[in-house]
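Trainee: Got a minute? I'd like to walk through this one with you.
Mentor: Sure, put it up and ask away.

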Amino acid sequence: IRNLDMRDLKNKLTSSKNTKNIQNRKGKSFGYQVLGFGAGGGGPAPYNIDFLIVAGGGGGNGTSSGFTYGGGGGGGGMRTFTSQEILTGESYTITVGDGGSGSPSGQAGSNSSIAGSIAGSSTTISSTGGGGPARATGGAGKGGSTGNLGGYSPNEGANGGSGAPSSPGGGGGGASGATGGNSGPDGPGGAGGAGTLDSITGSSVRYTGGGGGNIWKSGSPGAGGSGGGGAGFGTSSRAPGTGGSGTANLGGGGGSCGGDYVTGPGGAGGKGVIILRILADNYSGTTTGSPTVTDDGSYKVVKFTGSGTYTG
């Protein structure tokens, strides 16, 4: 009886109908495993972008009484990156640094940064605010001070210019700040250093000019460095004034104010900017902070003049 039962069971299992069902189940099971393996092995798709990070410029030195020997504010630090891998669906935090105050003495500018998963790791990439008070350092140095505080290579900014005690140097920009006049104790102020050209927007734009130095008694105040630097102010008539402000969203340094008992604040540093360049086919269109979006051929240019986010 036992042998008969086993034979009947074998016949049932090998009938054409049941064999087909078993094969179908195997096929479905195998197909499910392949689909599951494919879904589990992927992740957010990466793509590459370029970006520019400009920090806020430093404020120029000012004075409330007596003589002032401070120089112009340094331009904000400036760094460029090409073909950086980011992830689809990842949110990137954009922080745009403010310019430093020039009231009454110059203050350092604020850093600008991008934070998120970049080139395969979670990171924050920053540029350093421009130098402010007399012996401060920054992305670019104030008159007489050191640039490239972040220690980056290539440099994010240059040193400020030096000068005679009463002829302040200009703030550093993309090039070294000009040296203050040394022809005598009453010489002119130094010009701010020229900023650096960049074409991420599709047009060549100069950023991060240094602020100009003031005078004490004679000569001319230093001009602002090209790329948004503010001019220095000074006069032998002792009339009050204000140093020129750095240009907003170029990261220029503020100009210094002072001289022979001239009173007034230094100019404020210009706010920074962050610009992304993304292939139009990859651009998500998901942002906060109201950036300006323009087209340059097959690219989208996303310009943040204030803080916000971009989602890949």
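Trainee: Over which residues does pLDDT stay under 50?
Mentor: Residues 1-41. This is a predicted model, and for that stretch it has five contacts beyond four places in sequence. Where pLDDT is low, the predicted coordinates should not be read in detail.

Trainee: What is the mean pLDDT of the protein chain?
Mentor: It is 81. Of the residues in the chain, 78% reach 70 or more.

Trainee: OK, on to the sheet. What's the strand order?
Mentor: β2-β1-β8-β11-β10. Those five strands make an open sheet, with antiparallel pairing.

Trainee: Which are the edge strands?
Mentor: β2, residues 78-87, and β10, residues 292-296. Each of them pairs on one side only.

Trainee: And how are neighbouring strands turned against each other?
Mentor: By 20 degrees on average, ignoring direction.

Trainee: Let's go strand by strand. How many bridges join β1 to β8?
Mentor: Six. β1 covers residues 46-54, β8 covers 273-279, and the two run antiparallel. For the register, V54 sits opposite V273 of β8. I53 has I274 as its bridge partner in β8.

Trainee: What about β8 and β11, how many bridges there?
Mentor: Six bridges, antiparallel. I275 faces K303 of β11 across that pairing.

Trainee: And how many bridges between β10 and β11?
Mentor: Five, again in the antiparallel sense, with β11 spanning residues 299-304. One pair to look at is T292 with its bridge partner K303 in β11.

Trainee: How many residues lie between the strands in that hairpin?
Mentor: Two. G297 in this hairpin takes a positive phi near 65 degrees.

Trainee: Back to β8. Is the strand mostly covered or mostly open?
Mentor: Mostly covered: six of its seven residues are buried.

Trainee: Take I275 in β8. Buried or exposed?
Mentor: Its relative accessible area is 0%, so I275 counts as buried. Outside its neighbours within four places in sequence, I275 contacts D50, F51, L52, I200, T201, Y207, V301, V302 and K303.

Trainee: How far is I275 from P291, C-alpha to C-alpha?
Mentor: 9.1 Å, with their positions 16 residues apart along the chain.

Trainee: Next door, then. What does I274 contact, leaving out neighbours within four places?
Mentor: The contacts of I274 include L52 and I53, then I94, T95 and V96. S112, S113 and I114 are among them too, as are V302, K303 and F304.

Trainee: Now the core. Which residues of the largest nonpolar core touch the most other members?
Mentor: F51, I114, I274, L276, I278, F304 and Y310, out of 19 residues. β1, β2, β3, β4, β8 and β11 each supply at least two residues. β1 gives the largest share, four residues.

Trainee: Which residues does the second core include?
Mentor: L52, I200, L250 and V301 are included. That core is separate and has nine residues. In general, nonpolar side chains of soluble globular proteins tend to be buried together.

Trainee: Switching to backbone oddities. Where are the cis peptide bonds you'd flag?
Mentor: One runs from S103 to P104, with omega near -15 degrees. P104 is in the loop between β3 and β4. Another runs from S153 to P154, with omega near 0 degrees. P154 is in the loop between β5 and β6.

Trainee: And which residues other than glycine have a positive phi?
Mentor: S83 is one, with phi near 50 degrees, and S83 lies in strand β2. N249 is another, with a positive phi of about 65 degrees. Most residues other than glycine have a negative phi, and most peptide bonds are trans.

Trainee: Where is N249 found?
Mentor: In the loop between β7 and β8.

Trainee: Why does N249 count as buried?
Mentor: Because its relative accessible area is 19%, and buried means under 20%.

Note on methods
Residues numbered from 1 in each chain as written. Predicted model: local features only at pLDDT ≥ 70, side-chain atom pairs only at ≥ 80, totals over all residues. Heavy atoms only, no water. pLDDT = per-residue confidence, 0-100. Contact = heavy atoms within 4.5 Å. Pairing = 2+ DSSP bridges. Axes fitted to C-alpha atoms, helices over the stretch in contact; angles between N-to-C directions. Core = buried A, V, L, I, M, F, W, Y, C linked by side-chain atoms within 4.5 Å. Buried < 20%, exposed > 50% of the residue type's maximum accessible area, 1.4 Å probe, protein only.
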